Amino acid sequence: METFFDINLDDTYGTLKTFGISLGIIIVFFFLANTLQKLLKRRLLKRMNDPLLANFISVVFRLIIILVGFMIVFRFVGLTGVVTGVLTGAGISAFIIGFALKDIGENFLSGIILAFKPPFRIGDFVDINGFRGQILSLNLRDTQIKTNDGKDVFIPNATIIKNPLINFTIDGFLRYDFIIGLDYGSDYKAAMELILNTVSKVPGVLSDQKSPNVWVSDLVESTLNLQVTIWVDTFDRGILDVVVKSNAILEVLTALEKAGYNLPARIIELKNHQGKNLKTS
């Protein structure tokens, strides 16, 4: 019984003291890392105006500070030799871990490339490997986009690097087209002028940098098809692009109908052979 309760209070006090100081160092470095990350991100946003790169650099900076904190703790508790041994064997370990975590490492490196040379910005509308949506965030492993139907899709960064990416809004201009079919025998030139004047007055349609246009696109069975092209400003969040296109189509149809133009549907011609048998071969 005496042996069981024979506790060295000095050793216990020393162990608890070491544990408490180590825990305090870790907490301080976590708090310091979070605070400095926010400050660095805020300053980077003011200088570079690139949320993706600013967020990426601040996250990496936070991880480095936390790593430094753990190294200090290891040194304080006397595990310097262990750390040295781990770093010495890092060559073989890196090969094994790198092979096992190949996809994670690939996505991480791809995230670095995307952060320093991004093909998109926060809020851009893109098509990535068949997924269309708005860019929400870029982190170390994947990129998050929100589709038009409200789904959040997380795409691995390596997939973005390896596949073609379509950015519809990076320069602020996006073109929409639609077809109008006129009845043969109409005043085509007057109709084209009417369409052009009408779409130019639709709110959201650009008329300075990128002007709307109308031209003959095709001759089909029932109509002469006119292709109408409009440009919208994707930086203007006041009105959605699809709403601008919808309003333009409705305004053009209303203007043509008021002007007396006929917009026929597809016509199928039926011939009556008056009961005579058709020749077959």
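1. Let me start with the fold elements. The protein chain in this predicted model holds eight helices and eight strands. Of its 281 residues, 29% count as buried. Taking contacts between residues at least 6 apart in sequence, 63% join residues at least 24 apart. The chain exposes about 19000 Å², and carbon and sulfur atoms supply 61% of that area.

2. On to the helices, beginning with H1, which covers residues 9-48. Arg 43 has its place in this helix, and its relative accessibility is 56%, so Arg 43 counts as exposed, the cut-off for that label being over 50%. If you want a distance to check on screen, the C-alpha atoms of Arg 43 and Ala 54 are separated by 8.6 Å, with the two residues eleven apart along the chain.

3. Helix H2 spans residues 51-76 and includes Val 73. Here the relative accessibility is 7%, so Val 73 is classed as buried, a label that needs a value under 20%. Leaving out residues up to four places away in sequence, Val 73 touches Ser 22, Ile 25 and Ile 26. A further pair to look at is Val 73 and Ile 21: they are 52 residues apart along the chain, and their C-alpha atoms are separated by 8.6 Å.

4. Next come the strands, starting with E1 and E2. Strand E1 (residues 125-128) and strand E2 (residues 131-138) run antiparallel and are joined by four bridges. Within this pairing, Asp 127 stands opposite Arg 132 in E2. The two strands form a hairpin with two residues between them, and Asn 129 takes a positive phi near 55° there. That backbone angle may be a nice one to look up in your own viewer.

5. E2 also pairs with strand E3 (residues 142-146), again through four bridges and with the strands running antiparallel. Leu 138 faces Thr 143 of E3 across this pairing, and the hairpin of E2 and E3 has three residues between the strands.

6. How much of E3 is buried? Four of its five residues are, so the strand is largely enclosed by the rest of the structure. On to its pairing with E4: five bridges join E3 to strand E4 (residues 152-156), and the two run antiparallel. Gln 144 stands opposite Phe 154 in E4. Five residues lie between the strands of this hairpin, and Gly 150 in the turn has a positive phi of about 90°.

7. I would also spend a moment on Thr 169, which is found in the loop between strand E5 (165-167) and strand E6 (173-183). Is this loop residue buried or exposed? Its relative accessible area is 5%, so Thr 169 is buried. Its side chain makes a polar contact with the side chain of Asp 124 at 3.3 Å. A polar atom of the Thr 169 side chain also lies 2.9 Å from the backbone nitrogen of Phe 125. Not counting residues up to four places away in sequence, Thr 169 touches Arg 121, Asp 124, Phe 125, Thr 234 and Phe 235.

8. Finally, the largest pocket. Its volume is about 510 Å³, and 19 residues line it. Which of them lie nearest its centre? They are Phe 125, Asn 148, Tyr 176, Leu 240 and Asp 241. The elements giving two or more residues to the lining are E2, E6 and helix H8 (241-258). E6 gives the most, with three residues. Phe 125 is a handy link back to the points above: its backbone nitrogen is the one that lies 2.9 Å from a polar atom of the Thr 169 side chain, and Phe 125 is among the residues that Thr 169 touches.

Conventions: Residues are numbered from 1 along each chain as its sequence is written. This is a predicted model: local features need pLDDT of at least 70, side-chain atom pairs count only at pLDDT 80 or more; totals for chains, interfaces and linings use all residues. Side-chain values use heavy atoms; hydrogens and water are left out. Buried means under 20% relative accessible area, exposed over 50%, partly exposed in between (1.4 Å probe, protein chains only). Contact means heavy atoms within 4.5 Å. Accessible areas come from the Shrake-Rupley method with a 1.4 Å probe; for residues, only the protein chains shown count as cover. A polar contact is a pair of N or O atoms within 3.5 Å; within protein, one must be able to donate a hydrogen and the other to accept it, and residues adjacent in sequence count only if both atoms are side-chain atoms. Two strands pair if DSSP finds at least two bridges between them. On a 1 Å grid over the protein atoms alone, a cavity is a set of points where a 1.4 Å probe fits but cannot get out, and a pocket is an open set with protein on both sides within 12 Å along at least five of seven lines; lining residues have an atom within 4 Å of a point. Grid points are joined across faces, edges and corners, and a volume is the space filled by probe spheres set on the points.
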